[in-house]
Amino acid sequence: MDIKILVAAHKKYWMPKDSVYLPIQVGAALHPALGYVPDNTGYNISDKNPNYCELTALYWAWKNLDCEYIGLCHYRRYFGHTVYSKNVEKKKSAIFSKVDYENLLTKYDVILPKKRNYYIETVRSQYEHAHFKKDLDETEKIIAEKYPGYSDAFTKVMNQRKLHILNMFVMKKSLFDKYCTWLFDILFELEKRTDLTSYDTYEARLFGFISERLFNVWLERQNLKTCEVPVVFLENIDWPKKIADFLKRKVTGKR
């Protein structure tokens, strides 16, 4: 199988040696070269990286990369086998190889990360507590205007408590192209309607945040056979802090 798994990176970092992985520098138009494939060649939106995050890599691949299957991981996050160790080398060894992807893609249309469970929040309320409610509302309006067939899927996803996050996936390039056509049409319209001048650097990543939700909305309307696999995070997660921050936003409404 001709598979390319993009590894979105904004700095030098360890990369898997398996040829299935394609390290790509996001925001290459704005920063010194890292030695990875830059996202600012051909048709690109590299200079929008502060607002679009890893989506600048997706856009570049959509417009410029020729392959049979395509996926996205991050320089610290990969699809892989379950690993219960904090040892980095053991985590690296758990990362999927090309053979792992081939085995799954013979049985499934899309490989996805396991969903995050918000437990005491819906997808909508979590976004509203963590970001700006108006942007999600505007996205809902755009879908109603441009893709009304997805309005019910949007409502369904927003009312759920679980979500595929990180914009990680693997699927056929032909399917990916259809997704990107839909996704970027919505996001570019949202960009036209949004004034980001008062947003701090975190909230300015708006289109990356919105796209994580939209990916789930798009999946809801597709008749696809999917599988969920673990995400190997190469760095240790401070779960007590993440949970405390989550609860703080929920109780106080402050980000």
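Contact here means heavy atoms within 4.5 Å. Please keep in mind that every view below comes from a predicted model.

**View 1. Lys91 and the residues it touches.** Lys91 is found in helix α3, which covers residues 88–94. Leaving aside residues up to four places away in sequence, Lys91 touches Val83, Ser85 and Lys86, along with a run made up of Val232, Phe233, Leu234, Glu235 and Asn236. Which side chain of opposite charge is nearest to Lys91? That is Glu235, 8.8 Å away, and Lys91 has no salt bridge although it is buried. A salt bridge would need a side-chain nitrogen of Lys or Arg within 4 Å of a carboxyl oxygen of Asp or Glu.

**View 2. The lining of the second largest pocket.** This pocket has a volume of about 180 Å³. Its lining is formed by Leu112, Lys115, Val157, Gln160, Lys162, His164, Asn216, Leu219, Glu220, Gln222, Leu224 and Thr226. Helix α9 (residues 206–221) gives the largest share of that lining, with three residues. By character, the lining residues are four nonpolar, five polar and three charged.

**View 3. Thr226, one of the residues lining the second largest pocket.** Look for Thr226 in strand β10, residues 226–229. Is Thr226 buried, partly exposed or exposed? Thr226 counts as partly exposed because its relative accessibility is 36%, and the partly exposed class lies between 20% and 50%. Not counting residues up to four places away in sequence, Thr226 touches Tyr108, Val110 and Leu112; Leu112 also lines the second largest pocket. For a sense of scale, the C-alpha atoms of Thr226 and Glu140 are separated by 25 Å, and these residues are 86 apart along the chain.

**View 4. Cys53, a residue with a positive phi.** Most residues other than glycine have a negative phi. Cys53 is not a glycine, yet its phi is positive, at about 55°. You will find Cys53 in the loop between α1 (49–52) and α2 (55–64). Its relative accessibility is 13%, so Cys53 counts as buried; the cut-off for buried is under 20%.

**View 5. Leu166, a residue other than glycine with a positive phi.** Here phi is near 80°. Where does Leu166 sit? Its place is in the loop between β8 (162–163) and β9 (169–172). Leu166 counts as buried because its relative accessibility is 16%.

Conventions. Residues numbered from 1 in each chain as written. Predicted model: local features only at pLDDT ≥ 70, side-chain atom pairs only at ≥ 80, totals over all residues. Heavy atoms only, no water. 1 Å grid on protein atoms, 1.4 Å probe; cavity = no way out; pocket = protein on both sides within 12 Å on 5 of 7 lines; lining within 4 Å. Points joined across faces, edges and corners; volume = space filled by probe spheres on them. Helix = DSSP H or I, 4+ residues; strand = E, 2+ residues; numbered from the N terminus. Nonpolar A, V, L, I, M, F, W, Y, C, P; charged D, E, K, R; others polar. Buried < 20%, exposed > 50% of the residue type's maximum accessible area, 1.4 Å probe, protein only. Lys, Arg positive; Asp, Glu negative; His and termini not counted.
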